[in-house]
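Hello,

Here is the structure I promised to pass on. Please open it beside this message, and then read my notes below.

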Amino acid sequence: MRFGLYCLCISLIISLFSACDVANSHDMYLQDPHSYAQPADARVNTLELDIEVSFEEQQLSGSAVLGITKEKGVRELILDTKDLVIERVAISSNRLDTKTVDYVLGEADSILGQSLTIPIEENTTFVHINYG
């Protein structure tokens, strides 16, 4: 039972870093066939993760604040997720003035999990995700 929750924690961390920034050039990003993320368009640079783990309930709860970089004109951030309960997604340009947005979870795949598509605005530099 604890092993399953441990795997879920690791999956969350890997999912959040699946779109991490590893270079500055748009041409450096190739489409990963094992990911829904589009790092050539928008990518995660920083992660502030605050979670609580309930081994008894096999559940994670908490929040993640993602610092993002995006190309001009890009209007969505796509992340990978699997088996997470998402309570709220918000965006901001300064971490303080958040705006709740409607996100879309894609169709579940047994291997890839689900895409999490988050609408972003021209001035968006942070994405806030609350997990339940």
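Lysine 70 touches Asp41, Ala42, Arg75, Ile120, Glu121, Glu122 and Thr124, leaving out residues up to four places away in sequence. Keep in mind that this is a predicted model. Lysine 70 belongs to strand 2, residues 59-70. Is lysine 70 buried or exposed? Its relative accessibility is 15%, under the 20% cut-off, so lysine 70 counts as buried. Its side chain also has a polar contact: it reaches the backbone oxygen of glutamate 122 at 3.4 Å.

**The five-stranded sheet**

Strand 2 is part of an open sheet of five strands. The order is 1-2-8-4-5, and the pairing is antiparallel. Which strands stand at the edges? They are strand 1 (42-54) and strand 5 (99-100). Each has a single partner strand, so one side of each is left without a neighbour in the sheet.

Look next at strand 4 (residues 86-92) and strand 8 (residues 126-131). They pair in the antiparallel sense over six bridges. One pair to find on screen is isoleucine 86 with its bridge partner in strand 8, tyrosine 131.

**The three-stranded sheet**

A further open sheet has three strands, in the order 3-7-6, again with antiparallel pairing. Here strand 3 and strand 6 stand at the edges. Each pairs with a single strand, so one side of each lacks a neighbour in the sheet.

Strand 7 (residues 114-119) is mostly covered, with five of its six residues buried. Six bridges join strand 7 to strand 3, and the two run antiparallel. Strand 6 (residues 104-105) is joined to strand 7 by two bridges, also antiparallel.

Which residue of strand 7 stands opposite isoleucine 78? It is threonine 117. Valine 104 stands opposite threonine 117 as well. Aspartate 80 stands opposite serine 115 in strand 7.

**The nonpolar core**

In soluble globular proteins, nonpolar side chains tend to be buried together. The largest nonpolar core in this model has 20 residues. Leu66, Leu79, Ile118, Ile120, Val127 and Ile129 touch the most other members. Strands 1, 2, 3, 4, 7 and 8 each supply at least two residues of this core. Strand 2 gives the largest share, four residues.

Isoleucine 129 is a good place to zoom in. Setting aside neighbours within four places in sequence, isoleucine 129 is in contact with Gly62, Ser63, Ala64, Leu66, Leu79, Ile86, Arg88, Val89, Leu116 and Ile118. Among these contacts, Leu66, Leu79 and Ile118 are on the list of core residues that touch the most other members.

**Two loop residues with positive phi**

Most residues other than glycine have a negative phi. Two loop residues here have a positive one.

Glutamine 58 has a phi of about 50°, although it is not a glycine. Glutamine 58 sits in the loop between strand 1 and strand 2. Its relative accessible area is 38%, so glutamine 58 is partly exposed.

Where is aspartate 83? It lies in the loop between strand 3 (76-81) and strand 4. The phi of aspartate 83 is near 60°, a positive value in a residue other than glycine. With 60% relative accessibility, over the 50% cut-off, aspartate 83 counts as exposed.

Best wishes

Technical notes: Residues numbered from 1 in each chain as written. Predicted model: local features only at pLDDT ≥ 70, side-chain atom pairs only at ≥ 80, totals over all residues. Heavy atoms only, no water. Pairing = 2+ DSSP bridges. Buried < 20%, exposed > 50% of the residue type's maximum accessible area, 1.4 Å probe, protein only. Polar contact = N/O pair within 3.5 Å; in protein donor to acceptor, adjacent residues only side chain to side chain. Contact = heavy atoms within 4.5 Å. Core = buried A, V, L, I, M, F, W, Y, C linked by side-chain atoms within 4.5 Å.
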